[in-house]
Amino acid sequence: MSIGVGVIGTGVMGSEHTRLLRQETPGAHLAGVHDADGARATAAAGGTEIFADPQALITSDRVKAVIVAAPDASHAALVMACLAAGKPVLCEKPLAATAQEALKIVQAETAQGRKLIQVGYMRRFDPGYREMKRHREAGKIGRTVLLHNIHRNAQAPEWFTGAMAITNSFVHEIDISRWLTGSEMVAAHVAAGPGGDPLMVTMRTDKDEIISTEVFLNAAYGYHVHAELVGRSGTVALAEPARTTFNQQGMGGISYPDNWIPRFAEAYRQQLAQWIGAMASGAFAGADAWDGYVASALAEQIAAGHASGSETRLHLAARPELYA
Ligand code: ISE
């Protein structure tokens, strides 16, 4: 039986989810959408139901699972409403706009005693990152000592404000760094380049590894994400993100996409396919609500440390048994 999925928010990410559900997700179909912008909702709905408000979508009998891709500030309330309705939810990152809201979600899910939430840290499904993790776990590079991350956008999304370089972009690096190394972050320092962009964030883990990340929101030439794990006996890095190389006008090389959707196309596809595949068992493979809380909590502390110019000792609430 095909699972009806409702999508809340049909901007850049939400409309990609609706496209995937309509065209590339076996076992699921788009059951309807909600967006505050009616024209955007109509374009993404592809003839399916357009819900006037998100609560109606969440509680509809035709909607068995929900994707939240609305603005960051609305995530927490929408995820709470899905929990209250007992419906699985794939929430785009970040899980919540504040650590306090994210922790409340963790507590609410813990009180229900079963996991319904997955957070859209899709890099965990990217074939390159998965291979890096497999190599590390197979002992191919020896004990990890360093991880270098590069996170470059061609230009900052127009809706970026305040500390979003950290709370919306760098959160990916927190999540993927924890997932790749299997370590927790204990301290962080941020150095800002001219005009505040790029940022250079250095974190230290509970195994004393160093994690360096460049976050450059206006790198001009394209969208570019890179990572290299350094171990005592070798290194493993993502290969170039393109499938083809070109020669033209006296130059050769690869091209870079404008944004994350082409770069992580396979990761988004896999994330959705595996989420749908796990619906019956509830054994979701991606980042859970705890991972979502950790990324948001650390991002908030790192952003505060950046504002005050100091190195930040990072801290977390106690991890509930549900997420052991
Ligand atoms: C955006 O919201 C994403 O999630 C992208 O994956 C990230 O690379 C970008 O920096 C964010 O703005």
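Start at proline 198 in this predicted model: select the loop between β8 (185-192) and β9 (199-205), where proline 198 is found. The peptide bond joining aspartate 197 to proline 198 is cis, with omega about 10°.

Now select proline 94, in the loop between β5 (89-91) and α5. Here too you can display a cis peptide bond, this one between lysine 93 and proline 94, with omega about -10°.

While you have backbone torsions on screen, visit two more loops. Aspartate 208 lies between β9 and β10 (210-216); its phi is near 70°, a positive value in a residue other than glycine. Then go to glutamine 249, in the loop between β13 (246-248) and β14 (251-253). Phi of glutamine 249 is also positive, near 45°. These stops are worth a look because most residues other than glycine have a negative phi, and most peptide bonds are trans.

Next, the helices. Select α5 (residues 99-112) together with α10. How far apart are their axes, and at what angle do the two pack? The axes are 8 Å apart and the angle is about 165°, which means that α5 is roughly antiparallel to α10. The crossing is left-handed. To see the contact, show Ala99, Ala102, Leu103, Val106 and Glu109 on α5, and Ala289, Trp290, Tyr293, Ser296, Ala297 and Glu300 on α10. By class, this contact of α5 with α10 has eight nonpolar, one polar and two charged residues.

Keep α10 (residues 289-308) on display and add α7 (residues 164-181). Their axes come within 9 Å and cross at roughly 125°, so α7 is oblique to α10. The crossing of α7 and α10 is right-handed. From α7, the contact residues are Ile166, Thr167, Phe170, Val171, Ile174, Asp175 and Arg178. Those from α10 include Trp290, Val294, Leu298, Ile302 and His306. Colour the whole contact of α7 with α10 by class and you should find eleven nonpolar, two polar and three charged residues.

Finally, zoom out and colour by domain. The domain assignment gives domain 1 as 3-122 + 267-286, and domain 2 as 124-260 + 296-313. Their C-alpha centres lie 26 Å apart, and the contact takes 21 residues from domain 1 and 14 residues from domain 2. How much area do domain 1 and domain 2 bury between them? About 1500 Å², with 58% of it on carbon and sulfur atoms.

Note on methods: Residues numbered from 1 in each chain as written. Predicted model: local features only at pLDDT ≥ 70, side-chain atom pairs only at ≥ 80, totals over all residues. Heavy atoms only, no water. Axes fitted to C-alpha atoms, helices over the stretch in contact; angles between N-to-C directions. Helix = DSSP H or I, 4+ residues; strand = E, 2+ residues; numbered from the N terminus. Parallel < 35°, antiparallel > 145°, perpendicular 65-115°, else oblique. Left-handed = near helix turned anticlockwise from the far one by under 90°. Contact = heavy atoms within 4.5 Å. Nonpolar A, V, L, I, M, F, W, Y, C, P; charged D, E, K, R; others polar. Domains from an automatic or database assignment. Buried area = accessible area lost by both parts, 1.4 Å probe.
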